[in-house]
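Okay, thanks everyone, I'll keep this short. Let me put the thing on the screen and then we'll walk through it.

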Amino acid sequence: MSSPTEGGTPGFLVWRLSMKWRVAVDRAVAPLGLTHAQYALMASLYGMGRSGLRPSQRRLADHTGLEPLYVSKLARALEAAGLLARTRDPGDPRAVQLSLTEQGRDVARRAIKVVQGLLDQLLEPLGGQDSPRARQFTRELATLLDAPLDPYTENDEEQP
């Protein structure tokens, strides 16, 4: 019996890996009252906050790859839970800045620790997070994420 990933295309394998990761993170952060998307938002805010940044919802959407409307929805839910503060940007009254509350920073630290444990497990077959293979894998993922994707620039003559 063959593995479902045996002979899979790169697109299929990226899909399977992303689904495996999403499910694992969802399960890991659920005891902290978070979803994977909420974790991504909070961990990003935590890192940006440590760098002295207080990003707008738009900047956080760009950073995480989430849709701005979805970031707004997540931010409202996290604000209602007391984990995040939303304030008007003094330089742009149309923009909303986001920051973690003290409780949010505590939850983010705990969630990051849990997810780092998952990352250790995921990258173990490559020699661990600090291995040359894992670093190369990270560079290759970054290259793929930077590649533009536009379904309307296919080489096919037929386009919708």
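I'll start with the overall layout, then go to the hairpin, the core and one serine.

First, a caveat: this is a predicted model. What we have is one protein chain with six helices and two strands. Reading from the N terminus, the order goes α-α-α-α-β-β-α-α, so to speak. If you want the box, the C-alpha trace spans about 55 × 45 × 30 Å along its principal axes.

Some bulk numbers, since I know you like those. The chain has 160 residues, and 28% of them count as buried. It exposes about 11,100 Å², with carbon and sulfur atoms supplying 55% of that. On charges, I get 20 positive and 19 negative side chains, and the centres of those two sets sit 11 Å apart. And if you take contacts between residues at least 6 apart in sequence, 43% of them join residues at least 24 apart.

Now the strands. How do β1 and β2 pair? They go antiparallel, over six bridges, with β1 covering residues 84-89 and β2 covering 92-100. Together they make a hairpin, with two residues between the strands. If you want a register mark to click on, A85 stands opposite S99 in β2.

On to the core. The largest nonpolar core has 28 residues, and L34, M42 and L98 have the most contacts inside it. Which elements feed it with at least two residues each? That would be α1 (10-29), α2 (36-50), α3 (57-64), α4 (68-80), β2 and α5 (102-123). The top contributor is α2, which gives eight residues. As general background, nonpolar side chains in soluble globular proteins tend to be buried together.

Let's zoom in on L98. Ignoring neighbours within four places in sequence, L98 touches L45, R54, P55, Q57, L60, V71, A75, L84, A85 and R86. So A85 turns up again here, as a contact of L98.

Last stop, S72, which sits in helix α4. Buried or exposed? S72 counts as buried, because its relative accessibility is 13% and the cut-off is under 20%. Again leaving out neighbours within four places, S72 is in contact with Q57 and R86. Both of those are also on the contact list of L98. For a distance to check on your own screen, take S72 and R22: they are 50 residues apart along the chain, and their C-alpha atoms are separated by 20 Å.

That's my tour, over to you.

Technical notes: Residues are numbered from 1 along each chain as its sequence is written. This is a predicted model: local features need pLDDT of at least 70, side-chain atom pairs count only at pLDDT 80 or more; totals for chains, interfaces and linings use all residues. Side-chain values use heavy atoms; hydrogens and water are left out. Helices (H or I, at least four residues) and strands (E, at least two) are DSSP runs, numbered from the N terminus. Buried means under 20% relative accessible area, exposed over 50%, partly exposed in between (1.4 Å probe, protein chains only). Contact means heavy atoms within 4.5 Å. Accessible areas come from the Shrake-Rupley method with a 1.4 Å probe; for residues, only the protein chains shown count as cover. Lys and Arg count as positive and Asp and Glu as negative; His and the chain ends are not counted. The place of a charge is taken as NZ of Lys, CZ of Arg, CG of Asp or CD of Glu. Two strands pair if DSSP finds at least two bridges between them. A nonpolar core is a set of buried Ala, Val, Leu, Ile, Met, Phe, Trp, Tyr and Cys residues joined through side-chain atoms within 4.5 Å.
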